[in-house]
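The report below follows a handful of helices and the residues that lie between them. Please keep the sequence and the coordinates at hand while reading.

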Amino acid sequence: TAPKVRNFLTENLGRVVFFDEANSFKVGEQSYANEAASAIISFLEEHRGEICFIVAGYEQELREHFFTADKGFVSRFPQRLHFKPYSAAELSKIFAHLTLNEGWVLGQTCTPEKLLGCFQTSENLDLFQSNGSYSNARGVQTLVQQFCKSEQAKRRQRPDFVAKVLEIEDVANGLDVMKGKETIHHVRIKAAAFRTPSTVHPPSA
């Protein structure tokens, strides 16, 4: 492991190395991470100013796993940048943007205000701002994908499918699926996908 790590880092001297999901870096009695950690520390010490090494991951897990892998990591990474979770307003805009990209329109009940209110409830906001199964924009993307799967199932049943309309109830039911309160087979979007749009609301900028 150590020679491979050193060869990789040597090839990237003068460049930026981005180590994503470094929180999964765990050491153990027979872990390759032990050897890799020592190789990284020694290389960074020998080549100060010659390479930019960035690690990213969930803050708590980084502290518990990556920075405990080797005592030298704490001093080698003195600069920390914390990204705050998206707010409810930002999540609702991301949702509107992603649905638009997938060819959906927001129905007359899915106004920007109601969509914001749906994401603003403490239970729904916690769903996206925790380090659990869903996280921020990735969680919103998962929500949109649920609607796409339901639409694809309906398209197989109804070749004459035309409009894809989301109402606020559909969004709420989709969130319940993510919280385990509902199953994808019961999401109201199966019926909603065939509503004819009357007034639609484009996503706010």
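In this predicted model, Ala 137 touches Tyr 86, Leu 91 and Ile 94, when residues up to four places away in sequence are not counted. Ala 137 has its place in helix 8, which comprises residues 136-157, and with a relative accessibility of 26% Ala 137 counts as partly exposed, since the range for that class begins where buried ends, at 20%. The C-alpha atoms of Ala 137 and Glu 90 are separated by 9.1 Å, although these residues are 47 residues apart along the chain.

The contact between Ala 137 and Ile 94 can also be read from the other partner. Ile 94 is found in helix 5 and, leaving aside its neighbours within four places in sequence, is in contact with Tyr 86, Ala 137 and Val 140. Tyr 86 is therefore a contact of Ile 94 under the criterion of heavy atoms within 4.5 Å, and Tyr 86 is touched by Ala 137 as well. For Ile 94 and Val 140, the separation is 46 residues in sequence and 7.3 Å in space, taken from C-alpha to C-alpha.

**Helix 5**

Helix 5 runs over residues 88-101, and its 14 residues should span 20 Å at 1.5 Å a residue, which agrees with the 20 Å between its end C-alpha atoms. Which residues of helix 5 are buried? They are Ala 88, Leu 91, Ser 92, Phe 95, Ala 96 and Thr 99. Seen down the axis of helix 5, these buried residues fall within an arc of 140°, so they line one face of the helix. The general background is that an α-helix has 3.6 residues a turn, so residues three or four places apart point the same way.

Ser 92, whose place is in helix 5, is buried with a relative accessible area of 8%. Not counting residues up to four places away in sequence, Ser 92 touches Leu 115, Leu 116 and Phe 119. Beyond the helix itself, helix 5 is followed by Gly 103, whose phi is positive and near 90°.

**Helix 6 and helix 9**

Two of the residues touched by Ser 92, namely Leu 115 and Phe 119, are among the buried residues of helix 6, which are Leu 115, Cys 118 and Phe 119. These buried residues cover an arc of only 90° around the axis, which puts them on the same side of helix 6.

Helix 6 (residues 112-120) also packs with helix 9 (residues 168-178), their axes coming within 10 Å and crossing at roughly 15°. That angle makes helix 6 roughly parallel to helix 9, and the crossing of the pair is right-handed. On the side of helix 6 the residues in contact are Lys 114, Leu 115 and Cys 118, and these meet Ile 168, Val 171, Ala 172 and Leu 175 in helix 9.

**Helix 1 and its surroundings**

In helix 1, which comprises residues 2-11, the buried residues are Ala 2, Val 5 and Leu 9. Seen down the axis of helix 1, they fall within an arc of 65°, so they line one face of the helix. On the other side of helix 1, Pro 3, Lys 4 and Glu 11 are exposed. What covers the buried residues of helix 1 includes strand 1 (16-19), helix 2 (32-46) and strand 2 (52-55).

Helix 1 and helix 2 pack at an angle of about 35°, with their axes 8 Å apart, and helix 1 passes helix 2 in a right-handed crossing. The residues of helix 1 that take part are Ala 2, Pro 3, Val 5, Arg 6, Leu 9 and Thr 10, and their partners in helix 2 include Ala 36, Ala 39, Ile 40 and Phe 43.

**Two loop residues**

Glu 21 lies in the loop between strand 1 and helix 2, and has a positive phi of about 55° although it is not a glycine. Lys 164 is found in the loop between helix 8 and strand 4 (165-166), and the C-alpha atoms of Lys 164 and Gly 107, 57 residues apart along the chain, are separated by 9.3 Å. The table lists the accessibility of these loop residues.

| Residue | Relative accessibility | Class |
|---|---|---|
| Glu 21 | 47% | partly exposed |
| Lys 164 | 14% | buried |

How values were computed: Residues are numbered from 1 along each chain as its sequence is written. This is a predicted model: local features need pLDDT of at least 70, side-chain atom pairs count only at pLDDT 80 or more; totals for chains, interfaces and linings use all residues. Side-chain values use heavy atoms; hydrogens and water are left out. Helices (H or I, at least four residues) and strands (E, at least two) are DSSP runs, numbered from the N terminus. The expected span of a helix is 1.5 Å times one less than its number of residues. Buried means under 20% relative accessible area, exposed over 50%, partly exposed in between (1.4 Å probe, protein chains only). The arc is that of the directions from the helix axis to the C-beta atoms. Axes are lines fitted to C-alpha atoms, for helices over the stretch in contact, and angles run from 0 to 180 degrees between N-to-C directions. Angles under 35 degrees count as roughly parallel, over 145 as roughly antiparallel, 65 to 115 as roughly perpendicular and the rest as oblique. A crossing is left-handed if the near helix is turned anticlockwise from the far one by less than a right angle, and right-handed if clockwise.
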